[in-house]
Amino acid sequence: MSKIILGLPKGSLNNVNRGNTYQLFVDAGYDVKGYEPGNESYEIKINNDEDIIAYLTRPQSTPVELNRGIVDLSIVGEDWVKEESVLKENKITKIGDLNYGQTRLIVAVPDESPYDDLTDFFRKNKDRDTPILCFTEYPNLTRKFFMDNEGYKEVFGDSVPFVQVRSLVDGDNKNVQIINSDGATEVYIAKGADLIVDNTQTGNSLRKAGLKELETILHSSAGLYAGANCTGEKMEKAQMIYKQLFGAIVARDFFDVKFNIINEKSDEITDYLLSNKLCSDEPTITTGKKFSQFNVLIPKNKFPEMIDGIKKFGASSIIRNDLKQYVE
């Protein structure tokens, strides 16, 4: 097959405290060099898969590269995919969610503001003489969300909010101006903006900046997405990569546990594990002269219950290991 070009995310999705995409690929069995968090290079080597050519990509530009066939496959947040597809045809296909990098795209105003929601905001600002200023990294999603708002429609009808992305401008309603922020969006409130649209995980950074949430525009998480050129054998390869990655994600919820039990209690403890759903399928049992070794995969949230239970049967030599990958 021809090489598949993979975009690996720069920024928070490769942060050890949030996503650590590098570690996800390592846990999925890939030998990755040049993508260690904090030490990424733009050309990344995956030494044990010669069919993959990997590059570092910025989340903001990743959907553009996917749509135009510059990369075949990439990990990116759903918020950026939707930002790219609001105003144009989207050629991006979601292979699957990766269950990390969860965030919300929200509308926020100063904490002392007298608004209950966005509709209330527009109604109470309908007679002002100066433009409403909103800063965001998501001008397309923000404009659509504003135009769909009941309060905006009451005050401004079908007029299109003015949008500025550097020197590019669009829209006829200069009473509502949406300005591209290029990051650090929350500081624009202190500089005089009326509201912002930004992504947040917990809301803590917004509260520290003296802001409160008015609305949630969407929920987002990281996913594996295929671009316009990812078809045929490339799509088959993309789906294989997703299965490997998702197996590493699923494994994070399990422990690999081994223990010994006297042979006479082997059937009894097997029934206990299965009836209480304390293993993924059924135990793997290696029988010796006096003892049998049990090997089970157990959900992490059931591990304390299992330990307490098997000790009552006389289990010994209990070993717990982290699981790197679990592909069903």
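Student: How should Arg166 be read, as buried or exposed?

Tutor: Arg166 counts as exposed, at 57% relative accessibility; the class exposed means over 50% relative accessible area, buried under 20%, and partly exposed in between (1.4 Å probe, protein chains only). This is a predicted model, in which local features need pLDDT of at least 70 and side-chain atom pairs count only at pLDDT 80 or more, while totals for chains, interfaces and linings use all residues. Residues are numbered from 1 along each chain as its sequence is written, and side-chain values use heavy atoms, with hydrogens and water left out.

Student: How many salt bridges are there?

Tutor: Side chains of opposite charge can pair when their charged atoms come close. The count here is 17 salt bridges, each a side-chain nitrogen of Lys or Arg within 4 Å of a carboxyl oxygen of Asp or Glu. One of them joins Asp182 and Arg166, at 3.0 Å from N to O.

Student: Which residue forms a salt bridge with Asp72?

Tutor: Lys234 does, with an N to O distance of 3.1 Å. Asp72 lies in the loop between helix 2 (62–67) and strand 5 (73–77) and Lys234 in helix 9 (residues 233–251), so the pair ties together parts 162 residues apart in sequence. Helices (H or I, at least four residues) and strands (E, at least two) are DSSP runs, numbered from the N terminus. Both Asp72 and Lys234 are buried.

Student: Where do Glu150 and Arg123 lie?

Tutor: Glu150 lies in helix 6 (residues 150–156) and Arg123 in helix 4 (residues 118–124). Their salt bridge spans 3.2 Å between the closest N and O atoms. Glu150 is partly exposed at 48%, as is Arg123 at 38%.
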